[in-house]
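Hi,

Here is the structure I said I would pass on to you. Have a look at it first, and then read my notes below.

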Amino acid sequence: MKASNFLYLKPKSLDEALAYLAANEEPRIIAGGQSLVAAMNMKLAQPETIIDIGEIDGLNIFEATSNEVHIGALVTHSEIEFSKSSSKLISFLKEVSKNIAHTPIRSKGTFCGAVANSDPASEWCSCLLALDGSVEVIGQDRQKRIVDSKEFFIAPYLTNIGFDEILVSIKFPEINKHTKLGFNEYARRAGDYAIAMCVSKLDMKGEKVVDGNIVIGAATETPIIAEKAKNFLKGKRLSEETSWEAAIIASENISILPDIDSSEEYKRDIVKAVTYRSLLACS
Ligand SMILES: Cc1cc2nc3c(=O)[nH]c(=O)nc-3n(C[C@H](O)[C@H](O)[C@H](O)COP(=O)(O)OP(=O)(O)OC[C@H]3O[C@@H](n4cnc5c(N)ncnc54)[C@H](O)[C@@H]3O)c2cc1C
């Protein structure tokens, strides 16, 4: 299928992009185009104006300090995948990135575009929540607004970004040496969207869990923190037994996103498996 007609604009600055957003009918930002163009071709999205942010200076920032990792709106999945940074957080993102689609898509699609798109099965959305990221957004008043990941996701494909705002970058606190990270997902074929995924971030004291996040994605409307499973693990030694118990608790205490391919029972089983494996990856 072919996309409907649209006006294509390519601003050179954020100021110009914001002005275009305010002045045009049904505008949409385009970054890598790897979700939006497919949606337009299937007529699931019919924006009248496309605002391409690809030539705006400063949006390709990708840096790690000892305190934080900063990912600008134009940083692609591939830049993360092939990063040579010694950051513990980036090393983890590198591993996760290999689960996103295929190489050609990863070389065009952006980290921030995936977060803005907020597909329930986006790996980066689950990482944003699990790794305590924050989203930097700029609006018509030209002021930056920081949105905490816990307030960012509203529903599938719906976030806290306003229609006249632009996601500028995402920041994560760097991982300290007492924190362990784990990821696991299940998809029918390599490169497919996952049926369920789990990102775990566990703050440890020795072998015991003191705090952290266990985030379930893909099987749920938006990424969610499995609060009961997290509370169960607090103060306990991380072992195969406690990980399995936590996985059962997680799978039984979330609201499953229905779909035509997989039953709720099947999805709960997959959630249990990916949560268990994600927690084991932390040990
Ligand atoms: C075959 C295929 C398989 C895929 N598999 C996966 C997968 O397994 N996991 C996964 O996570 N993704 C997958 N994707 C999607 C891919 O990762 C996209 O790159 C990503 O979802 C969107 O990034 P983008 O830069 O291409 O965004 P675009 O397509 O350009 O934009 C997506 C949406 O976000 C908005 N947007 C983008 N950037 C901004 C911004 N800076 N400010 C405000 N709004 C913005 C756009 O307006 C649009 O609504 C797949 C895509 C395809 C085609």
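Let's begin with the ligand, and keep in mind that this is a predicted model. Of the 30 residues around the ligand, the ones that come nearest are Gly-32, Gln-34, Ala-101, Gly-109 and Gly-113. The elements giving two or more residues to this shell are strand E2 (27–30), helix H2 (36–41), helix H6 (111–117) and strand E10 (166–173). H6 gives the most, with five residues. If you sort the shell by class, you get 18 nonpolar residues, nine polar and three charged.

Next, try helix H1, which runs over residues 14–23. Which of its residues are buried? They are Ala-17, Leu-18 and Leu-21. These three cover an arc of only 100° around the axis, so they sit on the same side of H1. The general reason is handy to remember: an α-helix has 3.6 residues a turn, so residues three or four places apart point the same way. Turn to the face of H1 away from its buried side and you'll find the exposed residues Asp-15, Ala-22 and Ala-23. As for what covers the buried residues of H1, that includes E2, strand E3 (49–52), strand E6 (134–138) and E10. You've already met E2 and E10 in the shell around the ligand.

Helix H7 (residues 123–130) is another story: eight of its eight residues are buried. Among them are Trp-124, Cys-125, Leu-128 and Leu-129, and even Glu-123 is on the buried list. Just after H7, Asp-132 takes a positive phi of about 55°.

Then comes Gly-133, in the loop between H7 and E6. Is Gly-133 buried or exposed? Buried, because 23 other C-beta atoms lie within 10 Å, and the cut-off for buried is 20 or more. Leaving out residues up to four places away in sequence, Gly-133 touches Leu-128, Ser-149, Ile-170, Lys-171 and Phe-172. Check Val-147 too: Gly-133 and Val-147 are 14 residues apart in sequence, and their C-alpha atoms are 9.0 Å apart in space.

Last, a helix pair. H10 (residues 240–252) and H11 (residues 264–282) pack at an angle of about 145°, and their axes are 8 Å apart. The crossing of H10 past H11 is right-handed. On the H10 side, the residues that meet H11 include Trp-244, Ala-247 and Ile-248, while H11 brings Val-271, Tyr-276 and Leu-279, among others. By class, this contact has nine nonpolar, three polar and three charged residues.

Enjoy exploring!

Conventions. Residues numbered from 1 in each chain as written. Predicted model: local features only at pLDDT ≥ 70, side-chain atom pairs only at ≥ 80, totals over all residues. Near = placed C-beta within 6 Å. Helix = DSSP H or I, 4+ residues; strand = E, 2+ residues; numbered from the N terminus. Nonpolar A, V, L, I, M, F, W, Y, C, P; charged D, E, K, R; others polar. Buried ≥ 20, exposed ≤ 12 C-beta atoms within 10 Å, placed from the backbone. Arc of directions from axis to C-beta. Contact = placed C-beta atoms within 7 Å. Axes fitted to C-alpha atoms, helices over the stretch in contact; angles between N-to-C directions. Left-handed = near helix turned anticlockwise from the far one by under 90°.
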